[in-house]
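Good morning, and thank you for the time on today's agenda. I would like to walk through one structure, beginning with a sheet and ending with a patch on the surface.

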Amino acid sequence: MLRLQSRARQLRDVASLQLSEGPATLKARPGFRLPLGIGYCTARSATPFPRDTDTITKLMVANRGEIAIRVFRACTEMNIRTVAIYSEQDKMHMHRQKADESYLIGKGLPPVAAYLNIPEIITIAKEHGVDAIHPGYGFLSERHDFAQAIVDAGIKFIGPSPEVVRRMGDKVEARQAAIEAGVQVVPGTPGPVESAQQALEFCETYGMPVIFKAAYGGGGRGMRVVRKKEDLDENFYRATSEAQSAFGNGALFLEKFIERPRHIEVQILGDSAGNVVHLYERDCSVQRRHQKVVEIAPAPQLPTEIQESMTADAIRLARHVGYENAGTVEFLLDSNGEYYFIEVNARLQVEHTVTENVTGVDLVQTQIKIADGKTLPEMGLTQDQIKLNGCAIQCRMTTEDPSRGFQPDTGRIEVFRSGEGFGIRLDSALGFAGAIISPYYDSLLVKVIAHAHNHQSACAKMLRTLKEFRIRGVKTNIPFLLNVLEHPQFLSGVVDTYFIDENPQLFQFKPSQNRAQKLLHYLAQVMVNGPSTPLATKLPPSETEPAVPEIPFVSEPPKGLREVLLKEGPQAFAKKVREHKGLLLMDTTFRDAHQSLLATRVRTYDLKRISPYVSHKFNNLYSIENWGGATFDVSLRFLHECPWDRLDTLRKLIPNIPFQMLLRGANAVGYTNYPDNVVFKFCEEAVKYGMDIFRIFDSLNYLPNIVVGMDAVGNAGGVIEAAISYTGDVSDPSKTKYSLAYYVNLATELVKAGTHILAIK
């Protein structure tokens with residue numbers, strides 16, 4: 001009676017939570033676990049799809065993110081109820097929202113450790129009536145003790161038997177099994193190497209190069225290529241340390257290193273009746289630091305005889321070890337057409353999607369059915385019924401900055417617009433605006449899969465899709481993927497594992513404009529905080545759009561004095577000016593009039609609009625003074641524009657007329673004295689961005705101050721126009737300090753200092 005009352009209280013509490021807080025809130029309550037057999041309400045109808053399994057009605061994914069959602073989707077189509085687990089750091093993650101039930105795990109543990117907590121995973125599964133557990137990939141997916149704990153708890157493990165997981169997870173045993181099955185392996189040690197000396201003995205027998213590999217894990221960790229015998233000691237200890245840190249076991253084995261291989265893997269399926277089939281192969285040669293970046297199915301330009309031999313070997317090995325469920329047999333293919341077994345992944349792979357696309361087989365649903373006792377023939381999966389249809393390519397889009405050595409980026413996705421369309425599949429868990437990218441887990445954001453009738457068409461679809469993506473708020477590797485997809489060698493279909501390392505141009509990226517988001521930020525800033533400075537008048541701005549005169553449609557503007565400067569240099573330019581018989585004019589509208597009459601508030605946008613007309617109609621000007629002085633600082637302060645961008649923009653629109661700026665000697669364009677190297681660097685950059693003539697002045701005619709500016713301009717290759725600040729009346733005999741002799745002497749000193757042109761201000 002007491003037990004019934006307690007059960008009634010549990011049901012009442014759950015119902016109360018659902019009514020008051022809703023099912024989503026119920027799921028989000030930290031540490032809240034539903035009593036056995038009780039779930040929160042979902043929108044799913046009682047029987048949306050016919051059930052494809054006899055005994056599996058509720059399935060847990062002991063994983064997170066994209067793979068968890070992938071499995072949940074397969075289960076929903078099979079009318080199987082789904083259960084998610086989530087760490088404290090993942091409480092807002094999408095994968096728990098996609099499941100019918102979700103439970104907090106590993107409270108107080110580090111982010112990764114939470115998903116490695118085998119006893120708690122088993123406890124949650126038993127408490128909530130879970131029939132089967134899918135491990136996904138990563139985390140516990142290749143841990144035989146996890147598979148054994150699931151089986152011991154009376155729950156179905158979606159994968160091979162614990163013994164096969166153990167045997168295939170130990171690379172030494174997997175290698176021995178391949179040898180027993182008659183599958184060719186890379187020459188290597190029969191077991192883990194105990195010391196660097198033992199490694200040296202192997203090298204003396206088989207030669208260099210060799211590779212150390214972690215015996216209990218993959219993903220490039222604990223892996224070291226050694227090309228010289230003298231480097232064996234250091235690499236042995238480094239690889240051991242990496243393996244110990246990553247997998248809890250530092251055991252290594254040693255193999256002969258295959259130069260320039262293609263990485264080919266064969267997808268296999270096995271059932272409890274001993275049937276084994278292959279679903280053809282994938283090419284995973286595009287790798288960075290042993291991590292796969294792009295995967296292709298089937299392998300492009302793989303000779304039929306090699307494909308048939310490789311897939312037969314994969315089946316032979318699977319039968320030899322009694323393999324059940326899905327797995328991957330991996331090979332290295334050298335340039336001579338010889339291939340070698342390297343390992344078995346006794347789990348689903350990240351790149352399983354491309355195999356699904358070209359064969360039409362849902363690997364996850366097939367895994368579940370096999371675990372439920374179905375045989376391959378019962379599912380229509382005999383070898384003669386598995387056909388290839390076209391080509392599929394998968395790109396792993398990650399939140400990494402390729403311009404900074406693929407450093408992981410974190411933050412909030414502010415804009416997310418995906419590429420879509422015919423032949424495109426997206427598998428993700430964080431592909432939406434507002435998603436938080438945390439530093440705790442893998443940086444995979446979206447798996448993009450393109451499917452077409454051949455390799456070139458699939459590449460075209462993938463390129464188009466990647467270019468459609470707009471992701472703001474975090475950096476992604478899209479620029480790098482675009483470079484890979486556009487590379488002629490990749491488009492040819494045949495690349496080896498050296499492809500990325502040997503093509504540094506893949507790391508040359510065009511900067512993103514991101515104009516729309518910048519505009520939105522600006523509008524939001526103005527709306528929330530108002531204009532940054534008050535207007536000089538209460539009158540509203542004029543709605544008049546200034547008219548720009550038309551210019552003739554010609555490819556280039558007429559030649560100007562700048563042609564002399566560019567071709568012959570500052571000295572020849574000055575000589576040309578001296579030889580000119582008429583009056584030469586300098587136009588100051590872009591700087592002095594702009595600064596004095598319009599309070600330096602004219603935008604670059606407005607200056608750009610008139611620039612083509614100036615270029616065509618004022619080509620005979622001596623110069624245009626359009627920069628320096630106060631225009632530099634107020635451009636930043638009031639217009640929030642980059643003065644360097646303004647100079648560069650105007651230079652492109654007015655290529656024929658010399659540009660002139662005002663330089664305050666050692667003060668450059670500032671209001672204080674700067675170190676000489678700052679002034680020199682400033683002038684160097686100014687010339688690079690398009691400045692030609694530097695009018696250098698000091699209001700007190702302090703010669704040392706002016707000379708610093710002159711030297712900086714001369715060193716940068718600009719035209720030096722030293723200015724004399726004139727005041728007073730030299731014809732007045734009572735003025736004895738600033739006399740005619742004073743100004744003549746000053747002019748003489750400026751000529752000696754190397755000025756090209758004298759100016760009187």
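Two strands are said to pair here if DSSP finds at least two bridges between them. Please also keep in mind throughout that this is a predicted model.

With that in place, let me start with the sheet. Which order do the strands of this open sheet follow? There are 8 strands, and the order reads E13-E12-E9-E10-E11-E14-E21-E19, with antiparallel pairing. The edges are strand E13, residues 339–345, and strand E19, residues 424–428, each of which pairs on one side only. On average, neighbouring strands of this sheet are turned by 25° against each other, with direction ignored.

I would now ask you to look at strand E12, residues 325–333, which pairs with strand E9, residues 262–270. The two strands run in the antiparallel sense, and 9 bridges connect them. One of the pairs to locate is Arg262, whose bridge partner in E12 is Leu333. Strand E12 is also joined to E13 by 6 bridges, again antiparallel. Here Phe331 has Phe341 as its bridge partner in E13. The hairpin of E12 and E13 has 5 residues between the strands, and Gly337 in this hairpin takes a positive phi near 85°. Is strand E12 enclosed or open to the outside? Of its 9 residues, 9 are buried, so E12 is largely enclosed by the rest of the structure.

Let me turn to charged side chains. Side chains of opposite charge can pair when their charged atoms come close. For the count I am about to give, a salt bridge is a side-chain nitrogen of Lys or Arg within 4 Å of a carboxyl oxygen of Asp or Glu. By this rule the model holds 46 salt bridges.

I have chosen three of them to show. The first on my list links Arg166 and Glu163, with the closest N and O atoms 2.7 Å apart. Both residues belong to helix H7, residues 162–169, and they sit 3 residues apart, about one turn of the helix. Arg166 has a relative accessibility of 25% and therefore counts as partly exposed. Glu163 is partly exposed as well, with a relative accessible area of 43%.

The next salt bridge is between Arg695 and Glu625, where the closest N and O atoms are again 2.7 Å apart. Arg695 lies in strand E26, residues 693–696, and Glu625 in strand E24, residues 623–628, so this pair ties together parts that are 70 residues apart in sequence. Are these two residues buried or exposed? Both Arg695 and Glu625 are buried.

The last of the three joins the side chains of Asp692 and Arg651, at 2.8 Å from N to O. Asp692 is found in the loop between helix H24, residues 676–688, and E26, while Arg651 is in helix H23, so the parts tied together are 41 residues apart in sequence. Asp692 and Arg651 are both buried. Beyond single pairs, salt bridges that share partners join Glu265, Arg282, Lys292, Glu295, Glu330, Glu351 and Arg396 into one network.

Arg651 brings us to helix H23, residues 643–653. Its buried residues are Pro643, Trp644, Arg646, Leu647, Leu650 and Arg651. Why do we place these residues on the same side of H23? They cover an arc of only 160° around the axis, which puts them on the same side of the helix.

A brief word on one loop residue, Leu561, which is placed between helix H17, residues 515–529, and helix H18, residues 562–568. Leu561 has a relative accessible area of 15% and is therefore buried.

Finally, let us move to strands E27 and E28, which run parallel and are joined by 4 bridges. Ile724 stands opposite Ile760 in E28. Strand E28, residues 757–760, has a covered face made of Ile757 and Ala759, and an uncovered face made of Leu758 and Ile760. Ile760 also takes part in a nonpolar patch on the surface, together with Tyr726, Val730, Leu740 and Val744. The patch has about 480 Å² of accessible area together. Within it, Val730 lies in the loop between strand E27, residues 719–724, and helix H26, residues 740–752. Val730 has a relative accessible area of 33% and so is partly exposed.

That concludes the tour, and I thank you for your attention.

Technical notes
Residues are numbered from 1 along each chain as its sequence is written. This is a predicted model: local features need pLDDT of at least 70, side-chain atom pairs count only at pLDDT 80 or more; totals for chains, interfaces and linings use all residues. Side-chain values use heavy atoms; hydrogens and water are left out. Axes are lines fitted to C-alpha atoms, for helices over the stretch in contact, and angles run from 0 to 180 degrees between N-to-C directions. Patches are made of residues with over 30% relative accessible area and no salt bridge: like charges are joined within 9 Å, nonpolar side chains (Val, Leu, Ile, Met, Phe, Trp, Tyr) within 5 Å. Accessible areas come from the Shrake-Rupley method with a 1.4 Å probe; for residues, only the protein chains shown count as cover. Buried means under 20% relative accessible area, exposed over 50%, partly exposed in between (1.4 Å probe, protein chains only). The arc is that of the directions from the helix axis to the C-beta atoms.
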